[in-house]
Amino acid sequence: MGNKTGLLDDFFDFIFMVFSALFILFFLQIIISGGIEQNHRVTLNLVDRVDMVNDYLTEIRGSFEQGKNTSMEELSTTIKSIHEYGEREVEKAALWGMEK
Amino acid sequence: MNKHATVLHWIVFGVLAAFGIFFVASYDIQTIEPRGIWHLSYVNAFQEAEKNLLIIDQKVKSALESTELNLQKSVFSQDLGCGMYQNAALLNKNGHFCPLKLEEKLTEGLTKKLAEEKIWGYDSFFIDGEYVVGKSVVGKGSKNKITIANEVIPTKPKSTLFASYQVYLIEPFYLEYNYNPSFRIKANSLNWYGSLQNEAINLVLKCQNEAELKNCLDKNKKSNWKYTSCEQEKYSFESRKIFFCLASEKGKLNFALDFSPVTVFAPTDIKVSSSMEVFTISFNHEPEAESYKVYYTNWKVATEKVPATSEEIFFDLPTAEAFGYFYKAVDVDIPAVENCLTPQVGQANLCNGRVLYTLKDDRLKQK
């Protein structure tokens, strides 16, 4: 009888342990994959920012070749505003994970 | 369960709980580092360099435009080596065109301008065709640097209760991107002045040996090439050096061309009169001529052979004494001072642009 109770007790302990492990791993998976996805969005936004600056520089270089000058102030201000826009997007991307 | 089993049993739980607590505790959204930031920062540094190169190009272009403007004012106001005519440079002399020395002048002006504008970084610059090239030797000369100070590592805004500021998205790392601050800018004036000189060469080649210079120039010169002045065109018949004013997109340019012929023109409007066996020959004086040679003969056939050289005309002159034909050449020097009196026999006078020469030879019988 005593052995039977002990066996049942061990069996429930085992079931409890399996369920606990499942829950913990499930929780870890959510944290890790959420973080990766969030980083992925931040990186994509930064890549977009690089593309935007690249497009802008190409356009200005094209205008320059055709004889149009762009002031240094305009050049710096535009690139800065692209960066700032990018930063806002990066922030949004970073918050996206939390909002989710 | 015995004691050992209980310890093992709880160790498993303890390990799992430790993992769980560690991940939950260390998970902080602010410290997550997005991937590829180093690479993106490198691209950002490259873009920053591109931006700087564009700014250098623009500065050099402005300096070049300013130099070209100065060049336009001075290019024909100084002697190019062919002399001056009415305060404008003569582009040609004695059958050759003097070099405009544009590259030399452009280089000199631009060196000064770049120093004034403090555009540094290149090691040397030179003219390559119609381009001005500033070069810095890779691995040797001056370089420009992009580092993290140039804000190439992405940042994100961070706010506290009291302030908002930017923080690096990742911890700053060592970054240095070197680039050579070179430039290559098209100098429009080099081509433009080259074309102008070619047009001048063509015009001189077409018209320098034309006696009727104005007719030739009117026919061949470009419509924006004006005689004497861009506003009030006036052709001067005084000499074969012509002052031009060129109205162009570069403004007004004054220069002169010498249309002196390669060979002296033959005298025109030749007239012969006789009185008392003295012959007076008169003809228009060619300004370039210093002296003339007058041939005369009693062989009438010679008149049918003109125009030709003396050798051609008298080649088949019957020389037998019995015929009595002869020809003779006399040198006629032109006096420097005009004198409208009839000259003495064997002498010449210059009167109102015409040469008067008197000749007497008993062998010439007046009919």
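**Exercise 1. The two faces of a strand**

Task: In this predicted model, determine which residues of strand β5 (residues 124–128) of chain B lie on its covered face and which on its uncovered one, and then establish how β5(B) is joined to strand β6 (residues 131–135) of chain B.

Solution: Begin with the general rule that in a regular strand the side chains alternate between the two faces of the sheet. In β5(B), the covered face holds B:F125 and B:I127, while B:S124, B:F126 and B:D128 belong to the uncovered one. Turning to the pairing, β5(B) and β6(B) run antiparallel and are joined by five bridges, and in β6(B) the bridge partner of B:D128 is B:Y131. The two strands form a hairpin with two residues between them, where B:G129 in the turn has a positive phi of about 65°.

**Exercise 2. The sides of a helix**

Task: For helix α3 (residues 102–116) of chain B, compare the span from its first C-alpha to its last with the expected value, and decide where its buried residues fall when seen down the axis.

Solution: The helix has 15 residues and reaches 21 Å, close to the 21 Å expected at 1.5 Å a residue. Next, list the buried residues of α3(B), namely B:L102, B:K105, B:L106, B:L110, B:K113 and B:L114. Seen down the axis, these buried residues fall within an arc of 155°, so they line one face of the helix. The face turned away from that buried side carries the exposed residues B:E104, B:E108 and B:K112. As a last step, identify the packing partners: the buried residues of α3(B) pack against elements of chain B including α2 (37–74), β5 and β6, which connects this helix with the hairpin strands of the preceding exercise.

**Exercise 3. Handedness of the disulfides**

Task: Assign a handedness to the disulfide of B:C82 and B:C98 and to the link of B:C230 and B:C245, and locate the cysteines of each pair.

Solution: For B:C82 and B:C98, the sulfur atoms are 1.8 Å apart, within the 2.5 Å cut-off for a disulfide. The torsion about their S-S bond is about 95°, so this disulfide is right-handed. The pair links distant parts of the chain, with B:C82 in the loop between α2 and β1 (84–85) of chain B and B:C98, 16 residues apart from it, in the loop between β4 (96–97) and α3 of chain B.

For B:C230 and B:C245, the S to S distance is 1.8 Å, and with -95° about the S-S bond the link is left-handed. Because B:C230 lies in the loop between β12 (225–227) and β13 (241–248) of chain B, and B:C245 in strand β13 of chain B, the pair ties together parts that are 15 residues apart in sequence.

Note on methods. Residues are numbered from 1 along each chain as its sequence is written. Chains are lettered from A and ligands numbered from 1 in the order in which they are written. This is a predicted model: local features need pLDDT of at least 70, side-chain atom pairs count only at pLDDT 80 or more; totals for chains, interfaces and linings use all residues. Side-chain values use heavy atoms; hydrogens and water are left out. Buried means under 20% relative accessible area, exposed over 50%, partly exposed in between (1.4 Å probe, protein chains only). Helices (H or I, at least four residues) and strands (E, at least two) are DSSP runs, numbered from the N terminus. Two strands pair if DSSP finds at least two bridges between them. The expected span of a helix is 1.5 Å times one less than its number of residues. The arc is that of the directions from the helix axis to the C-beta atoms. Contact means heavy atoms within 4.5 Å.
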